[in-house]
Amino acid sequence: MEDFQYHAPGSVDAAVSLLRDAEDGKVVAGGMSLLPLMKLGLAAPGGLVSLGKVSGLDGIADRGSEIEVGALCTHAQVAAAEIVRERIPALAAMAEGIGDAQVRNRGTIGGSVAHNDPAADYPAACLALGATIATDRREIAADDFFLGMFFTALEEDEVITAVRFPVPTRAGWAKFPNPASKYAVAGVMAADGPAGVRVAVTGASGDGVFRVAEMEAALASSFEPASVAGVSVSAEAMLSDDAAGPEYRAHLVTVMAKRAVEEA
Amino acid sequence: MPTLELTVNGTQRTVEVRNRTLLVEMLREHLGLTGTHVGCDTSQCGACVVLVDGVSVKSCTMLAVQAEGAAVTTIEGLANGAGLHPMQEAFREHHGLQCGFCTPGMVMSAVDLANRNPDPSEHEVREWLEGNLCRCTGYHNIVKAVQAGARAMGGAS
Ligand SMILES: Cc1cc2nc3c(=O)[nH]c(=O)nc-3n(C[C@H](O)[C@H](O)[C@H](O)COP(=O)(O)OP(=O)(O)OC[C@H]3O[C@@H](n4cnc5c(N)ncnc54)[C@H](O)[C@@H]3O)c2cc1C
Ligand code: FES
Ligand code: FES
């Protein structure tokens, strides 16, 4: 790994200005996506700005119609939080299913959302629930945030501060994990809530997380597993790797959608 | 070079590292604590698990500078004098190891589980050890050891 500058500021504002000043600066939160990339030489930032000493970003709050999750909340915290388990159990189940215990102990919601790995779980939850991503400077609807594999609406020096999830009437999560990495081969959240009926899929497409309009329409008229069982997605844009080829992945999307609705 | 202050196995340490130094490199190369192992490049095997402020983490996927001010516990810090820690004793008793390469990470991960759940079911142990790979044992005796160790710890370590 190349060496780099390292800063651990105490506030979001200081983090933003350090990012601005750094040459090729990057935020590090839990490091569970960024450090593996740096170790493999796939990322080599000139400066790292750690959010580890910034306070006030690790709370989970009940805002009535929304649950607000601070950007530094770990997957373990979200999975264990009583308010999440009670009000959006599908979100707790999703967080509980990320990677392994040690990944969940370090990895954060802000990092997961900012990284937008095409096989990461949070992007599907954000899109299905109609979440809002709050940053140091603005609020971005999930619909406008995820722009393709490893690509988001964030500016270079922008820091996520929280993600707000509208509480749905019902929502379910199902994921077929890669047996080695635990990342999704296909993961689906199906939700019926303030943002309407939504089905969001991760892990399957080379373009990252996506919604399935045909499934959403079928669920809007009848929210039950049978509604999605007959809807298939095209294998054309599907990822292909050791775990699954495009046809199998497309098939898994339908199976996971059915299970997600069952869970809801 | 950054100078780092942290507590390792109960002792206050001051260590000179680079920003890029991984926590596991600091433990093994700077402090000579070679009980913490490195088994992969992909953050998947769990041989490197240590406790940071009581929580299990992969020390190969954390920078030493991220542990500034923290309390780190490695496998060397578990035993009290000559006697084994209850989790180590349970691994010995139940033959929870063969070559032993994965064992330090297994034990540290298991201690974190036991602190949260003093009487984990077989299923809960298997789920928790998702990130700890063993190429020898087939896990069966590891699971037995972790259950026994957790009960022996009585919910406190
Ligand atoms: C073995 C393994 C298995 C995994 N399995 C899964 C899985 O099953 N499902 C899954 O979803 N994920 C999985 N992950 C990834 C994990 O969830 C990561 O923790 C998460 O994707 C990134 O969060 P982080 O806090 O570690 O981010 P970091 O690695 O610190 O950062 C990731 C990226 O986000 C940026 N960033 C971080 N925080 C912010 C912020 N607040 N504002 C702006 N930018 C920010 C960083 O600059 C960087 O580009 C796995 C990881 C490993 C190592
Ligand atoms: S050395 Fe394999 S996970 Fe750390
Ligand atoms: S005992 Fe050999 S790897 Fe686990």
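In chain A of this predicted model, strands β4 and β5 form a hairpin with 3 residues between them. The turn includes A:Gly64, whose phi is positive, at about 80 degrees.

Start with the two arms of that hairpin. Strand β4 of chain A covers residues 60–62, and 3 bridges join it to β5(A). The two strands run antiparallel. To find the register, look at A:Asp62: its bridge partner in β5(A) is A:Ile67.

Now follow β5(A) to another partner. Strand β10 of chain A spans residues 160–166. It pairs with β5(A) in the antiparallel sense, over 5 bridges. Here A:Gly70 is a useful marker, since its bridge partner in β10(A) is A:Ala162. So β5(A) has bridges to β4(A) and to β10(A).

How many of the residues of strand β5 of chain A are buried? The count is 5 of the 5, in a strand that runs over residues 66–70. The strand is therefore largely enclosed by the rest of the structure. Both of its faces are covered. On one side lie A:Glu66, A:Glu68 and A:Gly70. On the other lie A:Ile67 and A:Val69. Every one of these residues is buried. Two of them have already appeared: A:Ile67 as the partner of A:Asp62, and A:Gly70 as the partner of A:Ala162.

Next, turn to the backbone in two loops. Most residues other than glycine have a negative phi. A:Asp24 has a positive one, near 55 degrees. This residue sits in the loop between α1 (12–21) and β2 (25–28) of chain A. Is A:Asp24 buried or exposed? Its relative accessibility is 53%, so it counts as exposed.

Chain B offers a case of its own. B:Asn9 is a residue other than glycine with a positive phi, near 50 degrees. Look for it in the loop between β1 (3–8) and β2 (11–16) of chain B. B:Asn9 counts as partly exposed because its relative accessibility is 25%.

Stay in chain B for two cysteines. B:Cys40 has 16% relative accessibility, so it counts as buried. B:Cys102, at 9%, also counts as buried. What of disulfides? A disulfide is a covalent bond between the sulfur atoms of two cysteines. Over all chains, the count comes to 0 disulfides.

Finally, bring the two chains together. The contact takes 27 residues from chain A and 26 residues from chain B. The size of an interface is often given as the accessible area lost when the parts come together. For chain B and chain A that area is about 2200 Å², with 56% of it on carbon and sulfur atoms. Which three residues supply more of the area that chain B buries against chain A than any other three? They are B:Arg20, B:Thr61 and B:Gln66, which supply 25% of it.

Charged and polar groups meet here too. Between chain B and chain A there are 3 salt bridges. One of them joins the side chains of A:Asp100 and B:Lys58, at 2.7 Å from N to O. Across the interface, 13 residue pairs are in polar contact. Which elements give two or more residues to the side of chain B that touches chain A? They are β4 (55–58) and α3 (103–116) of chain B. The largest share of that side, 4 residues, comes from β4(B).

Key. Residues numbered from 1 in each chain as written. Chains lettered and ligands numbered in written order. Predicted model: local features only at pLDDT ≥ 70, side-chain atom pairs only at ≥ 80, totals over all residues. Heavy atoms only, no water. Buried < 20%, exposed > 50% of the residue type's maximum accessible area, 1.4 Å probe, protein only. Pairing = 2+ DSSP bridges. Disulfide = S-S within 2.5 Å. Contact = heavy atoms within 4.5 Å. Buried area = accessible area lost by both parts, 1.4 Å probe. Salt bridge = Lys/Arg side-chain N within 4 Å of Asp/Glu carboxyl O. Polar contact = N/O pair within 3.5 Å; in protein donor to acceptor, adjacent residues only side chain to side chain.
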